[in-house]
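This report is meant for a reader who is meeting the structure for the first time. It begins with a pair of charged side chains and then moves on to strands, helices, cysteines and a part of the surface.

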Amino acid sequence: MYQAFLIKYGEIGVKGKNRHIFEDTLVSQTSNALKPIDGDFTVRKENGRIYAEAHAEFDFDEAVDALSRVFGIVGICPVVLAEDEGFDKLAKTVIAYADKALPEKDVTFKVITRRARKNYPMESMEVSAALGERLLEAYPQLKVDVHSPQVILHVEIRNKINLYSKTIPGPGGMPVGTAGRAMLLLSGGIDSPVAGYMIAKRGVKLDAVYFHAPPYTSERAKQKVVDLAKIVARYAGPIRLHVVNFTEIQLYIYDKCPHDQLTIVMRRYMMKLAEHFAKEEEDLGLVTGESIGQVASQTMQSMAVTNEVCTMPVYRPLIGFDKQEIVDVALKIGTYETSILPFEDCCTIFVAKHPVTKPNLKSILKSETHLQEKMDLLMQEAIDTAELIRAEA
């Protein structure tokens, strides 16, 4: 029955003079999402509405699934588009629509009409009342309820007449690409893929960096992170993933620094390397999966010491989330089952037994003086040997 979707957006509608930029990006993102779906879709905007119209048969569930991953969409309405051929023809179309859209006729309903074309010969309330009457004649088991109906039949009189009664929730947010780029520090854990999803939901295009530590971490651990990047890319678009060999740097820090400071010092050098690749990609900031107090390296004091090495802003979309809230999002977006696979990354291999939770910056800087002999060389080697992987859904 459906050959088109009416795409509804939220925040974009209040963007003023820049609104067209966000609309055009949403049209582009919607079109990209539907390309793998058979149906030869055309996506267009028309008078504050975006339509995805199919020109061939398509799998309805596949199309809805693809659209439900496009940030910026708040509602997906399967819609019937009818030519304006007079009220009697419209009534017949609505009756036929109701027959298919409402297999159970013993429901309450209401018709809401909106005239975008003010030259239509009937007022909105007139159309609603007349269509309601025709529906009751065709299906006497229907009941009208204007206050809290089970079904609302929307009739929008535009260039074509739009009929729809169902709105499937979209992910909301802003279209990816409308808010710049950022570098995600991606590990194999639960948190960082969720952080990538959350920042992409605000329109940010993602690059990513993963710190690999062979032979202490396996190729399976690396593949796990690539797989996570591909899942996040279903929402965020293709991700350029920089895989950095961090083994020699970690061993050097392990050998030269107090063990209770290992996590903080390692984290600082990860941030330095991430910032290097972020600048190469012309990103505007770094993104981490940190949440206040979740582990020793995520106390306020630890994050302040970590931030000290960065010249870029560090965005932490999960900063106020508790673990269960993060898990809930991971389950929703499909990263959880991959994140809990038993392949450890470098952050879990080289962890101190009793890490400092309130590090002192002066003490950390003093410890880092012991790394001066070789660290610049090791950092450059890590940069030169980094592998670049394109992760896409």
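Arginine 181 has a relative accessible area of 28% and is therefore partly exposed, since that value falls between the limits of 20% and 50%. The model is a predicted one, and the values that follow are computed from it.

**Charged pairs**

Arginine 181 takes part in a salt bridge with aspartate 207, in which the closest N and O atoms are 2.7 Å apart. Because arginine 181 belongs to strand β10 (residues 181–185) and aspartate 207 to strand β11 (residues 205–212), the pair ties together parts that are 26 residues apart in sequence. Aspartate 207, at 0% relative accessibility, counts as buried, whereas its partner arginine 181 is partly exposed.

Side chains of opposite charge can pair when their charged atoms come close. How many salt bridges does the structure hold? There are 28 salt bridges in the structure, and three of the pairs are set out here.

| Acidic residue | Basic residue | N to O distance |
|---|---|---|
| Aspartate 106 | Lysine 143 | 3.3 Å |
| Aspartate 207 | Arginine 181 | 2.7 Å |
| Aspartate 191 | Lysine 323 | 2.8 Å |

The side chains of aspartate 106 and lysine 143 meet in one of these salt bridges. This pair links distant parts of the chain, with aspartate 106 in the loop between α3 (87–101) and β5 (108–115) and lysine 143 in strand β6 (residues 143–144), 37 residues apart. Aspartate 106 counts as exposed, at 57% relative accessibility, while lysine 143 counts as partly exposed, at 46%.

Aspartate 191 and lysine 323 form another salt bridge. Here, too, distant parts of the chain are linked, for aspartate 191 lies in helix α5 (residues 191–200) and lysine 323 lies in helix α10 (residues 323–333), 132 residues apart. Aspartate 191 has a relative accessible area of 11% and is buried, whereas lysine 323 counts as partly exposed, with a relative accessibility of 35%. Elsewhere, Arg19, Glu23, Asp24 and Lys45 are joined into one network by salt bridges that share partners.

**The helix that holds aspartate 191**

Is helix α5 largely enclosed by the rest of the structure or largely open? Nine of the ten residues of α5 are buried, so this helix is largely enclosed by the rest of the structure. Among the buried residues of α5 are Asp191, Pro193, Val194, Tyr197 and Ile199.

**Strands and their pairing**

Strands of a sheet pair through backbone hydrogen bonds, either parallel or antiparallel. Strands β10 and β11, which carry the salt bridge between arginine 181 and aspartate 207, run parallel and are joined by five bridges. Leucine 184 stands opposite alanine 208, which belongs to β11. Both strands are part of an open sheet of six strands with mixed pairing, in the order β14-β13-β10-β11-β12-β15. At the edges stand β14 (314–315) and β15 (387–391), and each has a single partner strand, so one side of each is left without a neighbour in the sheet.

Strand β2 (residues 42–46) and strand β3 (residues 49–53) pair in the antiparallel sense, over five bridges. Glutamate 46 is found opposite arginine 49 of β3. The hairpin of β2 and β3 has two residues between the strands, and in this hairpin asparagine 47 takes a positive phi near 50 degrees.

**Cysteines**

A disulfide is a covalent bond between the sulfur atoms of two cysteines. A search of the whole structure finds zero disulfides. Cysteine 77 counts as buried, at 0% relative accessibility, and cysteine 310, with a relative accessible area of 15%, is buried as well.

**A nonpolar patch on the surface**

Which residues make the nonpolar surface patch of about 230 Å²? The patch is made by Leu136, Val144 and Val146. Leucine 136 has its place in helix α4 (residues 124–138) and is partly exposed, with a relative accessible area of 32%. Leaving aside neighbours within four places in sequence, leucine 136 is in contact with Phe109, Leu142, Lys143 and Val144; of these, Lys143 is the salt-bridge partner of aspartate 106, and Val144 belongs to the patch. Valine 146 lies in the loop between β6 and β7 (151–157), and a relative accessible area of 46% makes valine 146 partly exposed. Proline 355, by contrast, is 219 residues from leucine 136 in sequence and 72 Å away in space, C-alpha to C-alpha.

Note on methods. Residues numbered from 1 in each chain as written. Predicted model: local features only at pLDDT ≥ 70, side-chain atom pairs only at ≥ 80, totals over all residues. Heavy atoms only, no water. Salt bridge = Lys/Arg side-chain N within 4 Å of Asp/Glu carboxyl O. Helix = DSSP H or I, 4+ residues; strand = E, 2+ residues; numbered from the N terminus. Buried < 20%, exposed > 50% of the residue type's maximum accessible area, 1.4 Å probe, protein only. Disulfide = S-S within 2.5 Å. Patch = residues over 30% accessible without salt bridge, like charges linked within 9 Å, V, L, I, M, F, W, Y side chains within 5 Å. Areas by Shrake-Rupley, 256 points an atom, 1.4 Å probe, with all protein chains shown as cover. Pairing = 2+ DSSP bridges. Contact = heavy atoms within 4.5 Å.
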